[in-house]
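Q: I'm new to this one, so please take me slowly through a single part of it. Start with what lines it, then show me what surrounds it.

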Amino acid sequence: MQELHERMMVATTPEERARLMDEQMHAMQQGMAMMDAMKHTSGGKAGPNQHQMMEKRMDMMQMMMTMMMDRQSIESAPAGK
């Protein structure tokens with residue numbers, strides 16, 4: 001997801017940006033599905049890996065939020081940039 005984000009930030013044409021935004025949206029949807037699966041695998045029990053899984057989920061959420069904010073700034077930028 002990080003590599004895809006970096007490619008989108010350096011994209012030069014509107015077509016390339018649009019294609020990468022579609023890829024980014026798909027990656028975020030997959031990430032959300034993975035986080036949902038991680039939430040349900042613990043079964044509500046606190047185990048030794050629960051903290052580690054929570055950290056992974058938080059890192060992924062932070063990456064997705066960064067991607068959404070950057071995407072919004074790209075979409076609202078003047079067409080000449």
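A: By class, the lining of the second largest pocket has 7 nonpolar residues, 1 polar and 3 charged (Ala, Val, Leu, Ile, Met, Phe, Trp, Tyr, Cys and Pro count as nonpolar, Asp, Glu, Lys and Arg as charged, the others as polar). This is a predicted model, where local features need pLDDT of at least 70 and side-chain atom pairs 80 or more, while totals for chains, interfaces and linings use all residues. Residues are numbered from 1 along each chain, and side-chain values use heavy atoms, leaving out hydrogens and water.

Who's in that lining? Met28, Gln29, Met32, Met35, Asp36, Lys39, Arg57, Met61, Met64, Met65 and Met68. (A pocket is an open set of 1 Å grid points where a 1.4 Å probe fits, with protein on both sides within 12 Å along at least five of seven lines; lining residues have an atom within 4 Å of a point.) H2 and helix H3 (50-75) each supply at least two of these residues, and H2 gives the largest share, 6 residues. (A helix is a DSSP run of H or I, at least four residues long.)

Now for the cores. The largest nonpolar core has 7 residues: Leu4, Met8, Ala11, Leu20, Met21, Ala27 and Ile74. (Its members are buried, with side-chain atoms joined within 4.5 Å; buried means under 20% relative accessible area, exposed over 50%, partly exposed in between, using a 1.4 Å probe.) Helix H1 (2-10) and helix H2 (14-41) each give two or more residues to this core, with H2 again ahead at 3 residues, the largest share. A second, separate core of 6 residues includes Met35, Met60, Met64 and Met67. Among these, Met35 and Met64 also turn up in the pocket lining.

Back in H1, Leu4, His5 and Met8 are buried. Seen down the axis of H1, the buried residues fall within an arc of 100 degrees, so they line one face (the arc uses directions from the axis to the C-beta atoms).

Met8 has company: beyond neighbours within four places in sequence, Met8 is in contact (heavy atoms within 4.5 Å) with Arg17, Leu20, Met21, Gln24, Arg71 and Ile74. Arg71 sits in H3 and is buried at 15%; with the same neighbours set aside, Arg71 is in contact with Met8, Met21, Gln24 and Met25. Next to Met8, Met9 in H1 is partly exposed at 39%, and its contacts, leaving out neighbours within four places, are Asp70 and Ile74.
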